[in-house]
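Student: Can we go through this one by asking what earns each label? I'd like to see the value set against the cut-off every time.

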Amino acid sequence: MESPPSLLYCGVCSDTADAVHFGGLSCRACAAFFRRKVAGGKMSIGRRCNGNCKLDTVVSRRLCPFCRYDKCLRIGMKTTAVLSRLATVKTEPGEGTSSGSGWAMGNLLEQMKEAHRNLENARRGEFMNEVRALPV
DNA sequence: CGTCAAGGCCAG
DNA sequence: CTGGCCTTGACG
Ligand SMILES: [Zn+2]
């Protein structure tokens with residue numbers, strides 16, 4: 001089948017995504033980046049942006065590795081999905097509110113706040129990492 | 001059995 | 001470090 005590439009677009013760089021990754025629309029690049037950042041915990045960012053960088057293109061996204069990570073969480077990607085395919089956007093156990101996924105509902109804000117909370121934790125961890133990652 | 005998503009490894 | 005392709009696993 002000539003699978004039409006027009007359907008999924010990366011919410012981070014607007015690149016063509018072949019599928020949804022970690023609960024968020026992302027291209028392989030962003031997915032791999034996210035996974036390596038979370039799963040591996042490696043990568044030296046060494047960038048202290050306030051998160052006001054405008055990541056909209058395939059070029060601006062690579063300028064700020066942290067901003068990309070920031071946007072990744074905002075588009076719906078969650079670190080909990082890394083190393084676990086059974087953690088994406090699914091009806092989380094415990095929430096039996098009729099029908100409806102965790103998203104697109106009243107708890108949408110909850111998800112957004114959760115992502116933002118992760119950002120604070122991530123930024124803090126990144127800050128310590130970049131400070132300690134200083135060579136000599 | 002088929003499809004979708006994640007993980008791993010490779011190349012630039 | 002970034003982007004991509006391939007492979008494997010799980011779920012439907
Ligand atoms: Zn992307």
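**Labels and their reasons**

Tutor: Let's start with Arg36: an N or O atom in its side chain is 2.9 Å from a base oxygen of DNA strand C. Keep in mind that this is a predicted model.

Student: What makes the approach of the Arg36 side chain to a base oxygen of DNA strand C a polar contact?

Tutor: A pair of N or O atoms has to lie within 3.5 Å. The Arg36 pair is at 2.9 Å, so it counts as a polar contact. Arg28 also reaches a base of DNA strand C, with a polar side-chain atom 3.5 Å from a base nitrogen. Its value sits right on the 3.5 Å limit.

Student: Which kind of oxygen on DNA strand C does the side chain of Arg61 approach?

Tutor: A phosphate oxygen, with a polar side-chain atom of Arg61 2.4 Å from it. Of the strand C atoms within 4 Å of the protein, 48% belong to sugar or phosphate, and the rest belong to bases.

Student: Which element gives the most to the surface near DNA strand C?

Tutor: Helix 1, residues 28-40, gives 4 residues. The residues around the strand include Arg28, Phe33, Arg36, Arg61 and Arg85. By class, that surface has 5 charged, 4 nonpolar and 1 polar residues.

Student: How much of what DNA strand B brings within 4 Å of the protein is sugar and phosphate?

Tutor: Among the residues around DNA strand B are His21, Phe22, Arg35, Arg36 and Leu83. Sugar and phosphate make up 70% of the strand B atoms within 4 Å of the protein. The surface near strand B divides into 5 nonpolar, 2 polar and 3 charged residues.

Student: Where on DNA strand B is the partner of the polar backbone atom of Phe22?

Tutor: On a phosphate: the oxygen is 2.4 Å from the Phe22 backbone atom. Leu83 likewise has a polar backbone atom 2.4 Å from a phosphate oxygen of strand B. The side chain of Arg35, on the other hand, puts a polar atom 2.6 Å from a base nitrogen of strand B. Strand 1 and helix 1 are the elements that give two or more residues to this surface.

Student: Why is the site of the zinc ion called tetrahedral?

Tutor: The ion is coordinated by the SG atoms of Cys10, Cys13, Cys27 and Cys30, at 2.2 Å. The angles among its 4 donor atoms run from 101 to 123°. Four donors count as tetrahedral if all angles lie between 85 and 135 degrees, so the label holds. For reference, the ideal angle for four tetrahedral donors is 109.5 degrees.

Student: What spacing do the donors of the zinc ion follow along the chain?

Tutor: The pattern is C-x2-C-x13-C-x2-C. Cys10 is in the segment before strand 1 (20-21) and Cys27 in the loop between strand 2 (24-25) and helix 1, so this pair ties together parts 17 residues apart in sequence.

Student: Why are Cys10 and Cys27 called buried?

Tutor: Buried means under 20% relative accessible area. Cys10 has 3%, and Cys27 has 3% too, so both get the label.

Student: How do you know that Cys53 is in no disulfide?

Tutor: A disulfide needs two cysteine sulfur atoms within 2.5 Å. The structure holds 0 disulfides. For Cys53, the nearest cysteine sulfur belongs to Cys64 and is 3.3 Å away, which means the pair misses the cut-off. Cys72 is in no disulfide either: its nearest cysteine sulfur, that of Cys30, is 5.0 Å away.

Student: Are Cys53 and Cys72 buried, or partly exposed?

Tutor: Cys53 has 30% relative accessibility, so it counts as partly exposed. Cys72, at 0%, is buried. Cys72 belongs to the buried residues of helix 3 (residues 65-75), which also include Phe66, Cys67 and Leu73. Gly76 follows that helix, with a positive phi near 125°.

Student: What makes Asp15 partly exposed, and what makes Ser60 buried?

Tutor: Partly exposed runs between 20% and 50%. Asp15, in the segment before strand 1, has 25% relative accessibility and therefore falls in that range. Ser60, in helix 2 (residues 60-63), has 13% and so counts as buried.

Note on methods: Residues are numbered from 1 along each chain as its sequence is written. Chains are lettered from A and ligands numbered from 1 in the order in which they are written. This is a predicted model: local features need pLDDT of at least 70, side-chain atom pairs count only at pLDDT 80 or more; totals for chains, interfaces and linings use all residues. Side-chain values use heavy atoms; hydrogens and water are left out. A residue is near a molecule or strand if one of its heavy atoms lies within 4 Å of it. A polar contact is a pair of N or O atoms within 3.5 Å; within protein, one must be able to donate a hydrogen and the other to accept it, and residues adjacent in sequence count only if both atoms are side-chain atoms. Ala, Val, Leu, Ile, Met, Phe, Trp, Tyr, Cys and Pro count as nonpolar, Asp, Glu, Lys and Arg as charged, and the others, Gly among them, as polar. Buried means under 20% relative accessible area, exposed over 50%, partly exposed in between (1.4 Å probe, protein chains only). Donors are N, O and S atoms within 2.8 Å of the metal (3.2 Å for Na, K and Ca); water is not among the atoms, so sites may look incomplete. Four donors count as tetrahedral if all angles lie between 85 and 135 degrees; four count as square planar and six as octahedral if opposite donors are over 155 degrees apart and all others between 65 and 115; anything else is irregular.
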